Amino acid sequence: MEATVARTGTEGKTWGGGNEPLKASYGKMMMWFFILSDALTFSGFLAAYGFSRFKFADIWPIADEVFNHFPFLHGVDAPMYYVALMTFILIFSSVTMVLAVDAGHQLKKAKVTFYMFLTIIGGVIFLGSQAWEWSNFISGEYGAVTTTGGNILQIVDAEGERVALEEIAIEEASVRREHEDNVGLWFESGEGLPSYSIEEVKAGFAANENLLIRTGVLGENGEKVILSRQESLAKLNNEATGVVEGANLEHNEYGPPLFADFFFFITGFHGFHVFSGVILNIIIFLNVIVGTYERRGSYEMVEKVGLYWHFVDLVWVFVFTFFYLV
Amino acid sequence: MAQDSTAHHHDSNSKRIWSVFIILSIVTIVEVILGILKPEFLVDNNLVNMSLLNWIFIVLTLYKAYYIAWSFMHLEQEAKWLRRVIVWTALFLVIYLIFILLNEGFYIYQVYKEGYVAWDF
């Protein structure tokens with residue numbers, strides 16, 4: 001290191017970088033300014049989410065019904081638990097990070113190494129949890145029917161319990177066929193067909209007297225409005241145009257596609273931050289092991305990357321509130 | 001040089017760190033319990049267009065954010081003006097953004113609801 005730096009004789013003086021405005025080193029202050037600008041980016045995302053939610057206040061999905069899975073508890077309605085677990089994992093990795101910074105202040109290399117290692121493990125577990133959450137969200141559970149106006153109709157039984165499309169659809173000999181690029185323009189291929197056609201779902205719905213349609217509209221009591229059998233049949237036959245299974249950027253079986261879009265963008269952007277945080281942590285971790293900071297006599301790099309890591313935790317606290325709680 | 005000065009001045013903060021961890025955990029647990037139970041009197045009573053339950057969630061979130069920023073990110077140990085540069089800038093812009101966007105969202109909601117825009121067909 002030393003060999004590459006030209007000695008100018010101004011070390012420690014103002015022109016040699018010795019002046020520390022606001023008593024913060026250059027690196028630390030720049031990290032804070034980066035965090036501030038990044039915080040504003042996330043605020044933009046979350047405020048836009050709020051905008052869309054206010055706009056579609058009556059047809060927004062209920063988060064507890066969307067995110068109600070827990071590993072190894074298949075079919076059990078477990079809202080909140082999984083995301084609460086993810087929150088704890090991230091808070092705990094924040095704690096180990098701050099313990100690493102604390103050990104760094106005391107120049108205890110072994111302790112810094114150990115706590116950095118725990119922090120990295122926590123970050124990796126969080127990323128894995130998020131992947132699991134995404135895969136549940138993308139594959140969906142029950143499937144739904146979409147209308148001309150782009151709204152979602154879900155199917156429930158007499159007790160109001162959701163019924164999956166595969167339980168009711170009556171399969172018929174179908175001429176449906178996925179569009180491939182060898183039968184038309186070479187640069188266009190189809191999106192993939194849903195498991196059932198809308199006709200099959202309609203036939204199945206008509207055949208079972210117990211089934212009702214649940215609209216996306218929130219009623220007075222905060223629950224989605226369920227139509228009577230008569231209304232359900234009319235709605236399904238007149239307005240239903242297609243089948244939706246799971247969620248992607250254009251279709252969403254839980255409600256307005258915007259809900260899925262914001263879910264992917266906000267948790268995805270946050271997940272990307274966690275990912276880059278883990279990479280940065282690994283780099284710093286390796287530097288700690290080879291003793292770079294030991295020789296430098298200062299563990300400030302651990303502190304700087306720690307700031308970033310806590311920021312990621314801070315953002316998650318807000319995402320948790322506005323996506324899952326409110 | 002730096003070695004002796006830092007080694008002597010920094011006592012371990014681990015007690016404070018663990019107590020903040022406990023506070024954050026308790027607040028998160030309270031949030032989750034409230035989110036699962038959804039007590040009726042909190043859901044039904046509104047304050048400025050939002051249910052009391054949601055206000056509680058937001059206040060608890062800001063409480064957690066305060067502890068993360070002040071304790072974990074060491075803002076309490078930074079110079080007063082560095083803290084202000086960061087916190088005031090963010091607060092001002094975020095509050096402004098939220099006000100503008102939520103207001104506009106609510107306006108569009110009313111147009112959908114009371115105006116002549118068909119959305120359910």
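This report covers the shape of chain A, its contact with chain B, and the helices of chain B in a predicted model.

**Chain A**

Chain A has 10 helices and 5 strands. Its C-alpha trace spans about 85 × 50 × 35 Å along the principal axes. The radius of gyration of chain A is 26 Å, whereas a compact globule of 326 residues would have one near 20 Å. Of those 326 residues, 38% count as buried. Contacts in chain A often link distant parts of the sequence: among those between residues at least 6 apart, 66% join residues at least 24 apart.

**The contact between the chains**

How many residues does each chain bring to the contact? Chain A contributes 48 residues and chain B contributes 49 residues. On the chain A side, α1 (26-55), α3 (81-105) and α10 (300-325) each supply at least two residues. Helix α1(A) gives the most, with 13 residues. By type, the chain A side that touches chain B divides into 26 nonpolar, 17 polar and 5 charged residues.

**Transmembrane spans of chain B**

An unreviewed UniProt entry lists residues 17-37, 52-73 and 85-109 of chain B under "transmembrane region". Two of these spans are set out below.

| Span of chain B | Helix | Strand | Distance between end C-alpha atoms |
|---|---|---|---|
| Residues 52-73 | 95% helix | 0% strand | 30 Å |
| Residues 85-109 | 100% helix | 0% strand | 36 Å |

The record supplies the boundaries of these spans. The model supplies the helix content, 95% for residues 52-73 and 100% for residues 85-109.

**Helix α4 of chain B**

Helix α4(B) covers residues 52-72, 21 residues in total. From first C-alpha to last, α4(B) reaches 29 Å, close to the 30 Å expected at 1.5 Å a residue. After α4(B) comes H74(B), with a positive phi near 60 degrees.

Which residues of α4(B) are buried? They are L53(B), F57(B), T61(B), K64(B), I68(B), A69(B), S71(B) and F72(B). The list includes a lysine, K64(B), along with T61(B) and S71(B). An α-helix has 3.6 residues a turn, so residues three or four places apart point the same way. Among the buried positions, L53(B), F57(B), T61(B), K64(B) and I68(B) follow one another along the helix.

What covers these buried residues? Both chains take part. The cover includes α3 and α10 of chain A. From chain B, the cover includes α2 (14-37), α3 (40-44) and β2 (50-51). Helices α3 and α10 of chain A are also among the suppliers of the side that touches chain B.

Definitions and conventions. Residues are numbered from 1 along each chain as its sequence is written. Chains are lettered from A and ligands numbered from 1 in the order in which they are written. This is a predicted model: local features need pLDDT of at least 70, side-chain atom pairs count only at pLDDT 80 or more; totals for chains, interfaces and linings use all residues. UniProt positions are given in the numbering used here, feature names are shortened, and annotations may be inferred rather than shown by experiment. Helices (H or I, at least four residues) and strands (E, at least two) are DSSP runs, numbered from the N terminus. Two residues are in contact if their C-beta atoms, placed from the backbone, lie within 7 Å. Ala, Val, Leu, Ile, Met, Phe, Trp, Tyr, Cys and Pro count as nonpolar, Asp, Glu, Lys and Arg as charged, and the others, Gly among them, as polar. The expected span of a helix is 1.5 Å times one less than its number of residues. A residue is buried if 20 or more other C-beta atoms lie within 10 Å of its own, exposed if 12 or fewer, and partly exposed in between; C-beta atoms are placed from the backbone. The radius of gyration is taken over C-alpha atoms; the globule rule is 2.2 Å times the number of residues to the power 0.38.
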